[in-house]
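This report walks through one protein chain, from its overall make-up to a few of its residues and the spaces between them. Please keep the sequence and the structure in view while reading.

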Amino acid sequence: MSRSLSLKDIQQIINDTDNNILKSLIVNQRRKLKQEIKDASEQLASLSQLETFLNKHSDFPGNISQSIFDKIKKTKKLKQLRIKLLLIGISIDFILWGSILYFLFYQGNLIWLLLGILITVALTWYIAINYYHHTCYICPHCFHKFRVSLSKWLFARHTPNTRYLTCDKCSQKNYCILNFKNKLATGLK
């Protein structure tokens, strides 16, 4: 308790006839110790749970940090791919709307409008194919990694990280989890 007290503080405690300062210091120190005991108990309980888990699962992966690091790298690369595709998508909007507005307001040549539409269709196709080739999916039921045909992939309901697909191993139809990959995986359909 006296570790954090200066000589001036000690002098005030000695001169305090009601011992109010000393009582408040004791209460404060007791509260800190109780919090430290509570924190230590929670840490002990967490360690006990982890120890129990490790004892039950002898095949627990030893290199946890590497697998987490790999997942972080994949997430960053997926984000980079999505940003790249978003920038291409914004370019598509400018080209399409620019060609439409040019045609309407400046009575431009129909060829410029058709060229704008052709370029936007080609860039949109590029985005779709590029994203398709960088993804496969994991079945939440059997955890099998798989790919589907482009047409099934293209028209399936989806969220940014899932797609409603039928697993080719267990035939369950679920929202399958996106598994981003840098290169095409071998052995996947």
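Of the 189 residues in the chain, 19% are buried, and it should be kept in mind from the start that the model is a predicted one. The secondary structure consists of five helices and four strands, and, read from the N terminus, these elements follow the order α-α-α-α-β-β-α-β-β. When contacts between residues at least 6 apart in sequence are considered, 53% of them join residues at least 24 apart.

**Helix α4 and its partner residue in α3**

Helix α4 covers residues 110-133, and because each residue is expected to add 1.5 Å, its 24 residues should span 34 Å; the C-alpha atoms at its ends are 35 Å apart, which agrees with that expectation. The buried residues of this helix are L113, G116, T120, I127, A128, N130, Y131 and Y132.

Two of these buried residues, N130 and Y131, are also contacts of L81, a residue that belongs to helix α3 (residues 64-105). Leaving aside neighbours within four places in sequence, L81 is in contact with N130, Y131, H134 and F180. Although L81 and N130 are 49 residues apart along the chain, their C-alpha atoms are separated by 9.1 Å. L81 has a relative accessible area of 8%, and since buried means under 20%, L81 counts as buried.

**Aromatic rings and charges**

A pair of aromatic rings is described by two quantities, the distance of the centres and the angle of the planes. The count of aromatic pairs in this model comes to four. One of them is formed by Y164 and Y175, which make a tilted pair with 4.9 Å from centre to centre and 55° between the planes. This pair links distant parts of the chain, with Y164 in strand β3 (residues 162-166) and Y175 in strand β4 (residues 173-180), 11 residues apart. Y164 is partly exposed, with a relative accessible area of 24%, and Y175, at 37% relative accessibility, is partly exposed as well.

Ring pairs also link Y131, Y132 and W153 into a cluster. Two arginines place their charged ends over tyrosine rings, and the table gives the distance of each charged end from the ring centre.

| Charged residue | Ring | Distance from ring centre |
|---|---|---|
| R147 | Y132 | 4.5 Å |
| R157 | Y164 | 4.2 Å |

Y132 therefore takes part in the ring cluster and also lies under the charged end of R147, while Y164 is paired with Y175 and lies under the charged end of R157.

**Pocket and cavity**

The second largest pocket has a volume of about 250 Å³. It is lined by 16 residues, of which I127, Y131, W153, H158 and R163 are the closest to its centre. The elements that give two or more residues to this lining are α3, α4, α5 (150-155) and β3, and the largest share, four residues, comes from α4.

Which residues line the largest cavity? The structure holds one cavity of 30 Å³ or more, and the largest cavity has a volume of about 40 Å³. Its lining is made of Y132, T135, Y137, F146, R147, V148, W153 and L165. Y132 and R147, both in this lining, are the ring and the charged residue of the 4.5 Å arrangement given in the table, and W153 appears in the cavity lining as well as in the ring cluster with Y131 and Y132.

Terms used
Residues numbered from 1 in each chain as written. Predicted model: local features only at pLDDT ≥ 70, side-chain atom pairs only at ≥ 80, totals over all residues. Heavy atoms only, no water. Expected span 1.5 Å × (residues − 1). Buried < 20%, exposed > 50% of the residue type's maximum accessible area, 1.4 Å probe, protein only. Contact = heavy atoms within 4.5 Å. Phe/Tyr/Trp six-rings, centres within 6.5 Å; stacked < 30°, edge-to-face > 60°. Lys NZ or Arg CZ within 6 Å of the ring centre and 35° of its normal. 1 Å grid on protein atoms, 1.4 Å probe; cavity = no way out; pocket = protein on both sides within 12 Å on 5 of 7 lines; lining within 4 Å. Points joined across faces, edges and corners; volume = space filled by probe spheres on them.
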